[in-house]
Amino acid sequence: MTASEKVKVLWLSRHQILTAEIKALEKLLDKPEIIMYPYQVYNIDYIVENVIKPRNIRVVISLLPLTITSRLVQLASEKGFEVWQPQMLHLHNHDTPNCKDFDPDRDIMLKTRDHDNKVFYRHSRFMYFQRIKEIKIDAEPILPPSEKRDMKKELEKTGVVK
């Protein structure tokens, strides 16, 4: 993608886009067409096939959980789009949603709870976008030996493992 291309961008988040994020996209992509998708995402393959591909989306900005974003990144090169994420700088925490340093164009106050269920607000500021090139989750099941044997038999029946 070059700076002069007209590019469709999918904002894949329930969080509203900040003015600073729009300005950053306009500098990077020359008046991008931003398509908001503020709904719950249950199946990323569905989003790719029914939202991204039909609209020829070239950039997907994801603020989704890591496991969902990981699947999105896996599909990105195969389906012809990039996955970006806003990089936020955590400034400080507050007991209230008010801060004298809050800039509505580039800041968010995220309501959060601590380990004692006490509410506090994380004050963060948009810095830039980053392209997500790879997310690797290296995992293995943790099962007692008897269940491992049973699981292996089940997987062999499906043809997933030989």
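Start by selecting Lys 100, which counts as exposed at 78% relative accessibility. Exposed means over 50% relative accessible area, buried means under 20%, and partly exposed lies in between, with a 1.4 Å probe and protein chains only. Now add Asp 101, which counts as partly exposed at 40% relative accessibility. The side chains of Lys 100 and Asp 101 meet in a salt bridge, 3.4 Å from N to O. A salt bridge is a side-chain nitrogen of Lys or Arg within 4 Å of a carboxyl oxygen of Asp or Glu.

Before going on, note that this is a predicted model, in which local features need pLDDT of at least 70 and side-chain atom pairs count only at pLDDT 80 or more, while totals for chains, interfaces and linings use all residues. Residues are numbered from 1 along each chain as its sequence is written, and side-chain values use heavy atoms, with hydrogens and water left out.

**Stop 1: more salt bridges**

How many salt bridges does the structure hold? There are nine. Select Lys 53 and Glu 49, which form a salt bridge with the closest N and O atoms 3.1 Å apart. Lys 53 is partly exposed, with a relative accessible area of 41%, and Glu 49 is partly exposed too, at 36%. Add Glu 78 and Lys 79 to the selection: Glu 49, Lys 53, Glu 78 and Lys 79 are linked in a network of salt bridges.

Next, select Glu 82 and Arg 131, another salt bridge, with the closest N and O atoms 2.9 Å apart. This pair links distant parts of the chain, since Glu 82 is in strand β4 and Arg 131 in strand β6, 49 residues apart. Helices (H or I, at least four residues) and strands (E, at least two) are DSSP runs, numbered from the N terminus.

**Stop 2: helix α2 and Val 48**

Select Val 48, which lies in helix α2. Is Val 48 buried or exposed? Val 48 counts as buried because its relative accessible area is 1%. Leaving aside neighbours within four places in sequence, Val 48 is in contact (heavy atoms within 4.5 Å) with Lys 53, Pro 54, Leu 72, Leu 75, Lys 79 and Phe 81. Measure from Val 48 to Leu 75: the two are 27 residues apart in sequence, and their C-alpha atoms are 8.0 Å apart in space.

**Stop 3: the nonpolar cores**

A nonpolar core is a set of buried Ala, Val, Leu, Ile, Met, Phe, Trp, Tyr and Cys residues joined through side-chain atoms within 4.5 Å. The largest one has 20 residues, and those with the most contacts inside it are Leu 10, Leu 12, Ile 47, Ile 52 and Leu 72. Colour β1 (8-12), β2 (33-37), α2 (44-52) and α3 (66-79), each of which supplies at least two residues of this core. Which of the elements gives the most to this core? Helix α2 does, with five residues.

Centre the view on Leu 10. Not counting neighbours within four places in sequence, Leu 10 is in contact with Ile 35, Tyr 37, Ile 47, Val 51, Ile 52, Ile 57, Val 59, Val 60 and Ile 61. Apart from the largest core lies another, of 14 residues, among them Trp 11, Leu 18, Val 59 and Phe 126.

**Stop 4: aromatic rings**

A pair of aromatic rings is described by the distance of the centres and the angle of the planes. Rings of Phe, Tyr and Trp (its six-membered ring) pair if their centres lie within 6.5 Å; planes under 30 degrees apart count as stacked, over 60 as edge-to-face and the rest as tilted. The structure holds three aromatic pairs.

Select Trp 84 and Phe 129, a tilted pair with 6.1 Å from centre to centre and 40 degrees between the planes. Trp 84 is in strand β4 (residues 82-94) and Phe 129 in strand β6 (residues 119-131), 45 residues apart. Trp 84 and Phe 129 are buried. Now add Phe 126, which forms a tilted pair with Phe 129, at 5.0 Å centre to centre and 55 degrees between the planes. Ring pairs link Trp 84, Phe 126 and Phe 129 into a cluster.

**Stop 5: Ala 24**

Select Ala 24, placed in helix α1 (residues 19-29). Ala 24 counts as buried, at 17% relative accessibility. Not counting residues up to four places away in sequence, Ala 24 touches Phe 126 and Phe 129.
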